[in-house]
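User: Hi, I have just opened this one and would like a careful walk through it. Could you take me through the main features?

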2 protein chains.
Amino acid sequence: MINDLSQELELLHERVCPALGDTTRMRLLYALADKPCSVNELVEALALPQSTVSRHLSVLRNRRLVLTQRQGTAVIYTLKSKKLLEAMDMLRDILREQIQDENELASKLDLQPNLEANP
Amino acid sequence: MINDLSQELELLHERVCPALGDTTRMRLLYALADKPCSVNELVEALALPQSTVSRHLSVLRNRRLVLTQRQGTAVIYTLKSKKLLEAMDMLRDILREQIQDENELASKLDLQPNLEANP
DNA sequence: TATATATATCCGCTTATCCGCATAAAAGGA
DNA sequence: TCCTTTTATGCGGATAAGCGGATATATATA
């Protein structure tokens with residue numbers, strides 16, 4: 001419908017992009033980028049209730065962004081694709097560029113960066 | 001708080017990632033990846049009401065993902081960073097991997113891919 | 001100033017999403 | 001089997017996000 005993005009890709013985009021839109025899920029992905037983790041490890045790392053962590057993990061799994069593997073009673077979550085890591089690194093770079101831009105702007109105008117989290 | 005992701009980066013992540021989480025905004029970004037566009041051009045390309053397009057564009061602008069520039073009465077929107085494009089390409093690759101995986105799985109098991117859009 | 005064009009914003013409404021307690025389900029050990 | 005540990009899910013409530021018509025704002029031109 002738009003550009004050369006096929007309908008199939010667009011459908012899948014609807015599946016993946018919203019998964020990345022949640023900050024908690026983003027933090028989970030960053031944690032998993034370090035190493036595979038059990039739910040409990042993630043609960044401790046993020047300091048969130050277990051039900052919250054589990055639910056977000058299930059979203060990531062349903063969207064095929066992470067893989068799971070049982071180890072006794074524990075479930076180990078792993079990032080599925082290296083490319084997801086690369087994409088996340090790219091996002092970090094974008095963020096760093098933003099920080100730089102805003103610091104420059106702030107020092108030029110002698111103003112606070114004035115960023116609205118939610119316009 | 002999590003890994004080596006500094007607090008500042010985490011705050012910015014909260015600003016950028018949710019912006020990418022909406023399908024309409026994703027389509028806008030893809031359209032702008034082709035070439036800078038006015039609001040009207042985007043309205044026609046996406047076949048959405050003007051107010052809807054404008055609102056999403058303002059989100060993207062507030063999150064510093066696009067730049068604007070007036071041309072007479074029109075406002076031209078441009079992708080701000082090349083890296084955003086690269087990150088989007090990376091996401092496409094991930095999606096293509098998913099498609100491949102699921103097709104293989106489906107042919108092996110003689111099943112429908114069975115993907116839930118919303119777990 | 002009046003009119004036209006293009007964009008941004010206001011508003012009410014609907015829907016989706018997130019949260020976390022409580023509880024179910026899965027696996028292992030006594 | 002009973003108990004423990006670990007993870008997943010049902011549920012209700014609160015919040016956020018999206019939608020789109022109507023309207024305001026900005027710019028250009030006559």
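**Sheets, DNA and a salt bridge**

Analyst: In chain A, three strands make up an open sheet with antiparallel pairing, and their order is β1-β3-β2. Please keep in mind throughout that this is a predicted model.

User: Which strands of chain A stand at the edges, and why is one side of each left without a neighbour?

Analyst: The edge positions in chain A are taken by β1 (37-38) and β2, and because each has a single partner strand, one side of each has no neighbour in the sheet.

User: How many bridges hold the pairs in chain A?

Analyst: Strand β2 (residues 66-71) of chain A pairs with strand β3 (residues 74-79) of chain A over six bridges, in the antiparallel sense, while β1(A) and β3(A) pair over two bridges, again antiparallel. If you want residues to look at, R70(A) stands opposite V75(A) in β3(A), and C37(A) stands opposite Y77(A) in β3(A).

User: What about the turn between β2(A) and β3(A)?

Analyst: These two strands form a hairpin with two residues between them, and in the turn G72(A) has a positive phi of about 65 degrees.

User: And which strands does α2(A) lie across?

Analyst: Helix α2(A) lies across β1, β2 and β3 of chain A, and runs at about 90 degrees to β3(A).

User: Moving to chain B, what is the strand order there?

Analyst: Chain B has an open sheet of three strands in the order β1-β3-β2, with antiparallel pairing. Its edge strands are β1 and β2 of chain B, each of which pairs on one side only. Helix α4(B) packs on this sheet and touches β2 and β3 of chain B, its direction making about 120 degrees with that of β2(B).

User: Which residues are bridge partners in β3(B)?

Analyst: In β3(B), I76(B) is the bridge partner of S38(B), V75(B) is that of R70(B), and Y77(B) is that of T68(B). Strand β2 (residues 66-71) of chain B pairs with β3(B) over six bridges, and in the hairpin of these strands, which has two residues between them, G72(B) takes a positive phi near 70 degrees.

User: Now the DNA: how many residues surround strand C, and which are the closest?

Analyst: There are 23 residues around DNA strand C, and the closest are R25(A), R55(A), H56(A), Q50(B) and Y77(B). Of the atoms of DNA strand C that come within 4 Å of the protein, 63% belong to sugar and phosphate.

User: What kinds of residue make up that surface, nonpolar, polar or charged?

Analyst: The surface near DNA strand C has five nonpolar, 13 polar and five charged residues.

User: Where do the side chains of Q50(B), D22(A) and T73(B) meet the strand?

Analyst: An N or O atom in the side chain of Q50(B) is 2.7 Å from a base nitrogen of DNA strand C, whereas one in the side chain of D22(A) is 3.2 Å from a phosphate oxygen of DNA strand C. For T73(B), a polar side-chain atom lies 3.2 Å from a sugar or linking oxygen of DNA strand C. The elements that give two or more residues to the surface near DNA strand C are α2 (23-34) and α4 (50-62) of chain A, together with α3 (39-46), α4 (50-62) and β3 (74-79) of chain B.

User: Last topic: how many salt bridges are there over all chains?

Analyst: A search of the whole structure finds seven. One of the salt bridges joins R96(A) and D93(A), with the closest N and O atoms 3.9 Å apart.

User: How are R96(A) and D93(A) placed in helix α5?

Analyst: They are three residues apart in helix α5 (residues 82-109) of chain A, so about one helical turn separates R96(A) and D93(A).

Key: Residues numbered from 1 in each chain as written. Chains lettered and ligands numbered in written order. Predicted model: local features only at pLDDT ≥ 70, side-chain atom pairs only at ≥ 80, totals over all residues. Heavy atoms only, no water. Near = heavy atom within 4 Å. Polar contact = N/O pair within 3.5 Å; in protein donor to acceptor, adjacent residues only side chain to side chain. Helix = DSSP H or I, 4+ residues; strand = E, 2+ residues; numbered from the N terminus. Nonpolar A, V, L, I, M, F, W, Y, C, P; charged D, E, K, R; others polar. Pairing = 2+ DSSP bridges. Contact = heavy atoms within 4.5 Å. Axes fitted to C-alpha atoms, helices over the stretch in contact; angles between N-to-C directions. Salt bridge = Lys/Arg side-chain N within 4 Å of Asp/Glu carboxyl O.
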